[in-house]
Amino acid sequence: LNLHKCLHYCSTGFGLLESGCVSLKNEVNIMMKNVVDIVFGGLTYWLFGFGLTYGKTYSNYFFAFGYFAVDEDLDEMGELFSKFLFQLSFATTATTIVSGAMAERCNFRAYCLFSLLNTIVYCVPAGWVWGDHGFENNLVFSMYLFSISGRLSCVYLIPRFLNHLGAIDIGGSGPVHLVGGASAFVAAWMLGPRLGRVFGVSGHKWKFSARAAVATINASFGGGMVGLVYSYVRTKGKFDILDLISSVLGSLVSVTGGCALYKPWESIVIGAIGAALACFGIPFFDWLGVDDPVGASAVHGLAAFWGVLAIGLFAEGEKLLMPPNKITPGLLKGGGGYLLGVQLLAAVSYVLWSSVVTYILLYITNKIIKLRMEPHEELLGADLVEHGIRKSGVGVSRAISALGSHPDFDIEAAGQAIGTNPGHEMALAKYIRDRERSKRKNNGHVPENNHNNTISWMG
C-alpha cells in the first residue's frame, strides 16, 4: 500500500514535468490528461485490466481471465486488493507516459477515449512477466543462444512465455516504461509534429529492498553526471534543466527492472548508459521527424529497452529473492547467454505488442473522434479551446485577433483571461478617470484628499 502511494506521488511529478515542457497555453490541458489517465484508466483496469493479468478462472498462453470488476470475500480481500492498488499505479503510469508525447495537438475528447481503452496495452504484457499463465500448450520454442564461451548452442523449451522462461523485471522497466515508451513513439508519430515545429539534429527480502534502494539512488548519480556533461557540451558551457531531468529519469528507468540484483557500482554504470540513451535519443527522434514534446520515447523507450537487457548482463544468481527458483545469472556473472536471450525476447515482445496495439487503438479512436486538433485550435491552445481557460501574455490574444473571423471560432467564447480580476480592473479604471477629472478641475493639481490610501472613492 505504501508503494502504491509512492507511485501515485510519481504521477504528480509526471504531470508537473509535462506541464513544464509545454507552452503556457496548454499546461492545464496536460494536467487534465493526467487526471483522465487515473479516472478512466483506473476504471477500466478495475473492470477488466487486472483480470487479464492475474485472473484465475481461465488462462491461456496469452492472457488470463477472472477477477473482473475486482472484488473478494473477507478471507482473501487483503492480499488481492493490495496487489490491485499496486498494479493500478503501474497501469495508469504506462498511459501517463503516452500523454506527454501527444501534448499540444491532441483532441481532448479523443484522448479520453484512448485513455479508456489503453489499459489493454499494459495489462497483457504485465501478465507475461508477472502472471502465472503463458504458453501452456505444446508449443516448442527453439532459441539459439550464445554461451559465454561464444559457442552456438540450441536450447529447446516448452515454456509459459516470459515468466517461465526466467525473464526478470522487478520494478517495471519492461511492462511499464518500455511499453509506455513504445506507445508514446507510435502516438507521436501518428499525430505528426506540432504546427511550426522545426527539427534539428519478508525473510531475506528486506535485504534486497535495501540493495534496491542503494542501486536506485546510485543510478541517479551516474545519470546526473552524464546529463551535466552532455548539457555542458551541447550548450557550449551552459546547463539545460531538461537535459538534467531527462538524464536522471533515464537512469532511474534503466535500473528499475533489476534494482535488487545489482551491485552499487553496476547500478551507476547502468544508470549512466540509460541517461546517455535518453539524452542522445531525444535529438535522434527529432531527426526522425517524430515530435515528442517531453521526450517520453527516449526516456521511457530507449532507456527501458537497455534496462531490460541490462538484467541479462549484470543479474546476480540469487536464490533467496524468488524462491523456490534460483535466478539465472547474467552473461557477465558466468551464467552464459540464456538470460540475456530471454530478456531480449521480452524487450522485443513488449515493443511489438505495445506498438501494434497502440496503433490500432489510436486508429479506431481517430475514426470515432478526430485525434488531431484543428490548426486554429492548436494556435489558440488547448486550455482555451478544451477548458475555456484564457491566459494573458502567452500569444492567445494575438491568435484571437488573427482568428476573429474564423468560421469555427467564437470570439465571444474566449472570455476573460485568468489571473486577472475584472472588478479590480473596473475599479482602477474608475479611479484613473476620477483622478484625471479632478486634475483638470484644479489646473493640473491633485487635491490632497485624493492621495490617501483608502478605497472610499469606490463607493
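A search of the whole structure turns up 19 aromatic pairs. Keep in mind that this is a predicted model. One of those pairs is Tyr45 with Phe50, an edge-to-face arrangement with 6.1 Å centre to centre and 80 degrees between the planes. Beyond the rings, there are 12 salt bridges to look through, plus a buried aspartate, Asp292, that has no salt bridge.

**Aromatic rings**

- A pair of aromatic rings is described by two things, the distance of the centres and the angle of the planes.
- For Tyr45 and Phe50, those two values are 6.1 Å and 80 degrees, and the pair is edge-to-face.
- Tyr45 is buried, with a relative accessible area of 0%, and Phe50 is buried at 0% too.
- Phe65 and Phe68 also pair up: their ring centres are 5.6 Å apart and their planes sit at 85 degrees, so this one is edge-to-face.
- Here the rings are partly exposed, with a relative accessible area of 31% for Phe65 and 38% for Phe68.
- Ring pairs also link up into a cluster made of Tyr45, Phe50, Tyr54, Tyr67, Phe84 and Tyr122.

**Charges over rings**

- Tyr54, one of the residues in that cluster, has Lys83 lying over its face, at 4.5 Å from the ring centre.
- Over at Tyr111, the charged end of Lys33 sits over the ring, 5.4 Å from its centre.

**Salt bridges**

- The count comes to 12 salt bridges, and a few of them are worth walking through.
- Glu104 and Arg194 meet through their side chains, with N to O at 2.5 Å.
- What does this pair tie together? Glu104 is in the loop between H3 and helix H4 (108–117), while Arg194 is in the loop between helix H7 (173–191) and H8, so the bridge ties together parts that are 90 residues apart in sequence.
- Both Glu104 and Arg194 are buried.
- Arg234 forms a salt bridge with Asp240, and the closest N and O atoms are 2.9 Å apart.
- Arg234 is partly exposed, with a relative accessible area of 40%, and Asp240 counts as partly exposed at 28% relative accessibility.
- Lys430 and Asp434 make another salt bridge, this time at 3.1 Å from N to O.
- How are Lys430 and Asp434 placed in helix H16? They are four residues apart in that helix (residues 422–441), which means about one helical turn separates them.
- Lys430 counts as partly exposed at 29% relative accessibility, and Asp434 is partly exposed as well, with a relative accessible area of 24%.
- Some salt bridges share partners, and in this way Lys263, Glu266, Glu316 and Lys333 are joined into one network.

**Asp292, a buried charge**

- Where does Asp292 sit? It is found in the loop between helix H10 (264–288) and helix H11 (296–314).
- Asp292 is buried yet has no salt bridge.
- The nearest side chain of opposite charge belongs to Arg105, and it is 6.6 Å away.
- What does the Asp292 side chain reach instead? It reaches the backbone nitrogen of Ser297 at 2.7 Å.
- If you leave aside neighbours within four places in sequence, Asp292 is in contact with Gly100, Ala101, Ala188 and Ser297.

**Thr96 in helix H3**

- Thr96 lies in helix H3 (residues 77–101).
- Is Thr96 buried or exposed? At 2% relative accessibility, Thr96 counts as buried, because the cut-off for buried is under 20%.
- The side chain of Thr96 reaches the backbone oxygen of Thr92, at 2.9 Å.
- Thr96 and Gly15 are 81 residues apart along the chain, and their C-alpha atoms are separated by 8.3 Å.

**Val214 in helix H8**

- Val214 is located in helix H8 (residues 205–234).
- Val214 is partly exposed, with a relative accessible area of 37%.
- Along the chain, Val214 and Ala260 are 46 residues apart, and 8.9 Å separates their C-alpha atoms.

Conventions: Residues numbered from 1 in each chain as written. Predicted model: local features only at pLDDT ≥ 70, side-chain atom pairs only at ≥ 80, totals over all residues. Heavy atoms only, no water. Helix = DSSP H or I, 4+ residues; strand = E, 2+ residues; numbered from the N terminus. Buried < 20%, exposed > 50% of the residue type's maximum accessible area, 1.4 Å probe, protein only. Lys, Arg positive; Asp, Glu negative; His and termini not counted. Salt bridge = Lys/Arg side-chain N within 4 Å of Asp/Glu carboxyl O. Polar contact = N/O pair within 3.5 Å; in protein donor to acceptor, adjacent residues only side chain to side chain. Contact = heavy atoms within 4.5 Å. Phe/Tyr/Trp six-rings, centres within 6.5 Å; stacked < 30°, edge-to-face > 60°. Lys NZ or Arg CZ within 6 Å of the ring centre and 35° of its normal.
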